[in-house]
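Visitor: I'm new here. Could you walk me through this one and tell me how the labels are earned?

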Amino acid sequence: MSSFLARHRWWITRTLVLPLHIAVFASVAFFLVRLVPGDPVMARIDASGGFTQEDYDRAAEQMGLAGSVWSQFGRFWSQLVTGNLGTSPVTGRPVWEEVMSRLPSTVELVTLGLLGCVALALVLAAITVSTRSPRLHAVLRGYGKLAGSVPDFAVAILGLVLFFVVLQVIPAPLGRVDPRMTLPDVTGFPLLDSVITGDWAVFAAITARYALPLAVLVLVHTPSLWRQLSLGLSEQVTASPTLFKVASGATRTSIHLSVLRRASASSVVMLGAMFGGLIGGVVVIEQLFGFGGVAQFAIGSVEQLDFVGLQGFLVVIAGLCLLVFFLVDLVNMILDPRRRPGVRVDG
Amino acid sequence: MTEVLAAVPTAPAPAPAPATPARPSTRWRVWLPALPFALLALLTVVARLVVPFDPETVVAPANLEPGGAHLFGTDATGMDVFSRTVAATQVNLVMAVLVTIMATAIGLALGLVLGMNEAAGGVRGLLGRGMNRFTDLTDAVPPLIVGVVVVGLFGPSIVSLSVALALILMPNQVRLTRAEVLKVRGDAYVDAARMAGLSPWQVMVRHVLPNSARPAIENSSNIFGVSIIVSASLGFLGVGLNPPTPEWGVMISTGMSDVMLGGWWTTLFPALALCVAVASAALLTGVITRLTRSPGH
């Protein structure tokens with residue numbers, strides 16, 4: 001039993017820390033939202049004809065702001081442990097439902113974009129490692145520098161002007177599908193749902209509308225991933241483990257996989273960071289193309305002073321990001337056992 | 001632009017010109033990528049003086065196509081797009097400068113304090129390590145979301161926007177400085193300074209700080225570029241400065257409805273300006289890195 005624990009300590013401890021991190025974050029989100037200057041309740045109630053203490057209390061109750069900060073904090077936590085994020089006073093629906101009705105579409109877009117980034121980064125890294133043409137390297141480096149330093153939504157606008165206004169080859173940026181179509185709803189992931197229900201008209205419509213935003217995401221965000229990957233590759237390609245593999249007569253595929261495995265640790269970390277950045281950052285692209293995403297709920301909550309909605313949203317997003325970071329750590333510890341805690345490395 | 005980008009890294013230092021001394025030509029090559037940024041900085045100072053029209057008032061019929069007196073056309077309210085795009089450099093770049101200075105200054109200070117105290121025993125070390133874990137955790141909230149929340153709740157102004165952005169971008173600077181402090185802390189000259197009787201404060205400020213500031217300072221032009229992007233994104237999302245203040249993000253978002261009707265110019269030009277500004281900050285990063293890494297530094 002104890003040897004089992006010793007061998008598996010690396011992922012068990014990491015797993016146990018995850019809820020702790022989420023808890024810290026939930027508390028931070030709670031207090032961040034309450035740092036707002038002034039009295040949000042006063043901003044909400046109509047004080048022109050005067051108001052009584054009861055009016056004030058009722059408004060505070062509605063906004064989830066009744067009682068002292070600490071009693072609110074207690075209420076927030078006692079709900080949170082049962083998985084309840086509270087009910088939004090603005091929409092009257094549970095915050096969990098509000099967030100979850102929007103989150104899958106954002107996650108789908110980001111995931112597809114990141115998959116594209118990984119594919120392109122692998123291709124580019126393979127080209128840079130296997131060719132020697134200085135001209136080609138210069139062109140690729142130029143792309144890396146230029147694309148890595150340009151905001152994605154500005155590129156998306158250039159794309160819109162070119163493909164929508166001038167060439168007229170893509171549909172108007174007014175949503176995921178034609179306004180006359182209805183999206184099937186099985187899992188909440190639009191593209192996946194269209195495949196599950198076999199609704200190929202919707203699938204084609206979504207694909208046509210995803211093409212430009214995805215191309216932009218991939219083009220703009222690949223360089224940061226590619227940079228990490230080629231750094232790792234150029235280090236590992238001539239490292240002694242590779243030479244040993246070559247000398248011992250391993251197959252080419254096995255050598256390539258081994259190099260990739262040793263070189264990919266920092267790229268995996270980068271991929272996790274990119275996911276975190278894009279979950280929030282993609283909102284600009286979503287707004288540009290008329291996709292309703294999860295961050296639009298946050299913007300709406302801020303505008304409506306919906307504290308319950310806002311803190312719930314922050315908890316879910318931070319939880320999701322922490323979960324991704326957790327997976328990143330696990331993947332890295334699987335790829336490279338030297339990264340596990342308590343493992344001693346010589347040299 | 002692509003030519004400049006591609007040409008710089010491929011150019012090896014000794015050019016085939018043995019007659020001329022190598023020094024001035026290499027120096028010229030090193031400084032060249034900083035030129036776009038210098039021009040932008042100059043434009044920031046004189047922007048309001050050189051624009052042909054008042055950027056905040058209606059000066060012509062609405063939706064004029066680019067050309068003639070209105071180089072970039074006019075927007076849906078009849079304001080001159082060229083004047084607004086140029087005048088916006090002031091708002092966007094001044095904000096980026098404020099953000100960069102704040103984020104770097106606070107990042108340096110915090111990184112220094114964290115790095116110096118982390119290994120200490122007792123409450124001090126505990127606090128240091130706790131803060132350190134916390135900086136790592138801040139990664140879990142996407143920067144743009146924090147921006148939306150802070151600006152949305154504290155109200156849009158150049159100050160609140162800058163503070164929000166500085167807070168968002170600071171953890172990176174803290175991390176960079178801290179890592180360097182941990183390296184420098186054990187160096188012989190720090191021990192020597194301590195033994196010479198300098199107070200811990202003096203050791204920290206006079207000896208550790210100058211030797212651990214480099215990564216954060218190199219990264220500051222990066223921060224500059226990111227803060228331009230994030231501030232424009234916030235403007236685009238409608239939590240930035242109020243129109244008619246010329247700001248690229250707001251200009252882009254108000255212009256998007258024109259794009260549907262074929263009026264591409266109100267959106268395209270601020271978007272291009274944004275790209276140019278961010279790209280020139282990226283070029284500057286290259287120059288700074290090269291200068292700080294060059295021998296003799």
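Visitor: What makes residues 268–289 of chain A helix or strand?

Guide: This is a predicted model, and over residues 268–289 of chain A the chain is 95% helix and 0% strand. The C-alpha atoms at the two ends are 29 Å apart.

Visitor: And how much helix is there over residues 309–331 of chain A?

Guide: Over residues 309–331 of chain A, helix accounts for 100% and strand for 0%, with the end C-alpha atoms 33 Å apart. The UniProt record, an unreviewed entry, gives "transmembrane region" for residues 268–289 and 309–331 of chain A, among others. Those annotations may be inferred rather than shown by experiment.

Visitor: What helices and strands are there in chain B?

Guide: Chain B has twelve helices and zero strands. Read from the N terminus, its elements go α-α-α-α-α-α-α-α-α-α-α-α.

Visitor: How many aromatic pairs does the structure hold?

Guide: Over all chains there are 13 aromatic pairs.

Visitor: Why is the pair of F153(A) and F236(B) called tilted?

Guide: The ring centres of F153(A) and F236(B) are 5.8 Å apart and the planes stand at 40 degrees. Rings pair if their centres lie within 6.5 Å, and planes under 30 degrees apart would be stacked, over 60 edge-to-face. The angle of 40 degrees fits neither, so the pair is tilted.

Visitor: Why does that pair join two chains?

Guide: Because F153(A) lies in helix α8 of chain A, while F236(B) lies in helix α10 of chain B.

Visitor: How do you know whether F153(A) is buried or exposed?

Guide: Buried means under 20% relative accessible area. F153(A) has 0%, so F153(A) counts as buried. F236(B), with 4%, is buried too.

Visitor: What makes the pair of F37(B) and F224(B) edge-to-face?

Guide: F37(B) and F224(B) sit 5.2 Å centre to centre, with 70 degrees between the planes. Over 60 degrees counts as edge-to-face, so that's the label.

Visitor: Which parts does the pair of F37(B) and F224(B) tie together?

Guide: F37(B) is in helix α3 and F224(B) in helix α10 of chain B, so the pair ties together parts that are 187 residues apart in sequence. As for F224(B), a relative accessible area of 6% is under the 20% cut-off, so F224(B) is buried.

Visitor: Which residues form one aromatic cluster?

Guide: F30(A), F31(A), W70(A), F73(A), F76(A) and W77(A).

Visitor: What share of chain B is buried?

Guide: Of the 297 residues in chain B, 47% are buried.

Conventions. Residues are numbered from 1 along each chain as its sequence is written. Chains are lettered from A and ligands numbered from 1 in the order in which they are written. This is a predicted model: local features need pLDDT of at least 70, side-chain atom pairs count only at pLDDT 80 or more; totals for chains, interfaces and linings use all residues. Side-chain values use heavy atoms; hydrogens and water are left out. Rings of Phe, Tyr and Trp (its six-membered ring) pair if their centres lie within 6.5 Å; planes under 30 degrees apart count as stacked, over 60 as edge-to-face and the rest as tilted. Helices (H or I, at least four residues) and strands (E, at least two) are DSSP runs, numbered from the N terminus. Buried means under 20% relative accessible area, exposed over 50%, partly exposed in between (1.4 Å probe, protein chains only).
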